[in-house]
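Visitor: I'd like to see how the words in a structure description get decided. Could you show me one and let me ask about it?

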Amino acid sequence: MSPDLTVTDVRLTPILVADPPLLNTQGVHQPYTPRLIVEVVTADGTTGVGETYGDTKYLELARPFAERLRGRRVSDLNGLTALAGEVAVDSSRTSARVDVGGLRGVQTADKLRLSVLSAFEVACLDALGKALGLPVHALLGGKVRDAVEYSAYLFYKWAAHPEGVPAEKDDWGAAVDPAGIVEQARRFKERHGFTSFKLKGGVFPPEEEIAAVRALAEAFPGHPLRLDPNGAWSVGTSLKVADEIGGLLEYLEDPALGTPAMAEVAARTGVPLATNMCVTTFAEIEEAFASDAVQVVLSDHHYWGGLRNTRELAAICRTFGVGISMHSNTHLGISLAAMTHVASTVADLHHACDSHYPWQSEDVLTERLTFDGGKVTVPDAPGLGVELDHDRLRFLHRRWLDDDGALRERDDAAAMRIADPAWVTPAVPRW
Ligand code: GKR
Ligand code: MG
């Protein structure tokens with residue numbers, strides 16, 4: 001008898017997860033960051049899990065979406081788009097311009113919907129795979145590699161969150177100069193075997209970040225390096241950096257903000273440019289590809305609307321001779337498993353994907369995923385191949401419930417103001 005794939009229940013659990021004091025153009029990561037865990041239960045008792053951003057604007061959309069999903073089948077994946085379209089988005093939550101504060105590009109209503117849809121799509125795929133006894137990668141057409149490579153994601157970082165702020169401790173130490181970044185890279189390599197490194201820039205004046213890249217190149221010869229200032233530089237500064245260290249970089253990521261500025265940089269340097277900021281929706285592809293603004297698109301299955309859309313994006317990139325890899329924000333193991341499944345099915349993935357996962361000391365899984373030689377083995381168990389730890393989920397949800405609301409919206413500028421009350425997110429270009 002075939003399994004009854006009808007959705008009978010959908011559980012949404014917002015949580016707060018510990019995050020170290022990582023610095024970026026906007027400020028510093030909060031001590032706890034919001035995520036949303038989605039569980040989809042079918043009539044035959046199978047549960048599928050998904051994960052996405054957990055700020056209020058996403059929760060507001062996830063609740064009506066969950067209502068609409070009940071009674072449908074987890075195999076009706078194409079129908080999710082229509083469901084998402086029915087969910088009303090509060091226009092005060094959206095903006096059509098590239099939003100450097102958010103670090104993830106434009107915030108259109110459709111993009112917010114897709115970011116929510118992605119968690120439901122992953123949960124449905126997980127449930128479907130479990131019901132059929134197939135891994136998610138098989139539902140996407142099958143893996144073409146057994147392990148997916150990730151790059152170490154280096155951040156300038158304080159030793160600890162500001163005194164007096166409740167936070168979990170981490171053992172990574174501070175990294176506020178080239179020596180600190182090299183030491184952090186060494187630990188990443190020791191702990192997880194990474195052989196390529198991405199440095200989050202836009203924090204210190206470009207000369208300091210150039211020095212950090214040089215120090216990395218010297219300490220780790222032959223290891224691919226990337227630098228990502230999240231659009232903080234002018235075209236002129238971007239070109240200067242490209243000129244000085246372009247030869248050491250696999251690519252330069254979002255040096256300048258927006259497609260026209262990226263196109264100007266791309267036209268005047270041979271250094272490949274990657275983005276997770278100016279090509280973040282299907283609507284943005286045409287202008288960026290026509291103007292040759294980017295050579296690598298970093299997909300994020302959350303805001304591209306799931307794993308199947310990520311494959312569609314990969315096909316478009318292939319058609320136009322643009323590379324594809326993956327971007328990451330603070331995330332847990334469900335998202336890492338989802339990224340790994342889809343990445344395993346994309347034949348022309350030629351760059352290690354980004355992941356924040358090593359920075360997360362907490363998870364909602366009974367068993368954390370691990371990096372071996374910088375790679376995650378593609379799970380072959382049914383569904384995503386991960387199991388939810390309900391006690392941990394309750395614990396992290398309790399933290400969210402106990403929060404007075406201050407941490408429920410990720411706000412790196414507000415977190416920075418605790419240390420520096422005069423801080424405002426710098427206007428762009430900053431340098
Ligand atoms: O977590 O600070 C951060 C990152 O800057 C993140 O927000 C970005 O979305 O990692 C991302 C990136 O590659 O731009
Ligand atoms: Mg980036």
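Guide: Sure, here come a few questions and answers about this predicted model.

Visitor: What makes N24 one of the residues that surround ligand 1?

Guide: The test is a C-beta atom, placed from the backbone, within 6 Å of the ligand. 13 residues surround ligand 1, and N24 is among the closest, along with L103, N276, H327 and N329.

Visitor: Which classes make up that shell around ligand 1?

Guide: There are 2 nonpolar, 7 polar and 4 charged residues. Leu counts as nonpolar, so L103, one of the closest residues, goes in the nonpolar group.

Visitor: Which domains does the shell around ligand 1 draw on?

Guide: Domain 1 (7-136 + 389-403) and domain 2 (138-377) each give at least three residues.

Visitor: And how do you know which residues of domain 1 and domain 2 are in contact?

Guide: Two residues count when their C-beta atoms lie within 7 Å. The C-alpha centres of the two domains are 22 Å apart, and the contact takes 44 residues from domain 1 and 52 residues from domain 2. On the domain 1 side, α3 (109-132) has the largest share, with 11 residues. That side divides into 25 nonpolar, 10 polar and 9 charged residues.

Visitor: Why do the buried residues of α13 line one face of the helix?

Guide: Buried takes 20 or more other C-beta atoms within 10 Å. In α13 (residues 412-419), the buried ones are D412, A415 and M416. Looking down the axis of α13, you'd find them within an arc of 100°, so they line one face.

Key
Residues are numbered from 1 along each chain as its sequence is written. Chains are lettered from A and ligands numbered from 1 in the order in which they are written. This is a predicted model: local features need pLDDT of at least 70, side-chain atom pairs count only at pLDDT 80 or more; totals for chains, interfaces and linings use all residues. Domain bounds come from an automatic or database domain assignment. A residue is buried if 20 or more other C-beta atoms lie within 10 Å of its own, exposed if 12 or fewer, and partly exposed in between; C-beta atoms are placed from the backbone. Helices (H or I, at least four residues) and strands (E, at least two) are DSSP runs, numbered from the N terminus. The arc is that of the directions from the helix axis to the C-beta atoms.
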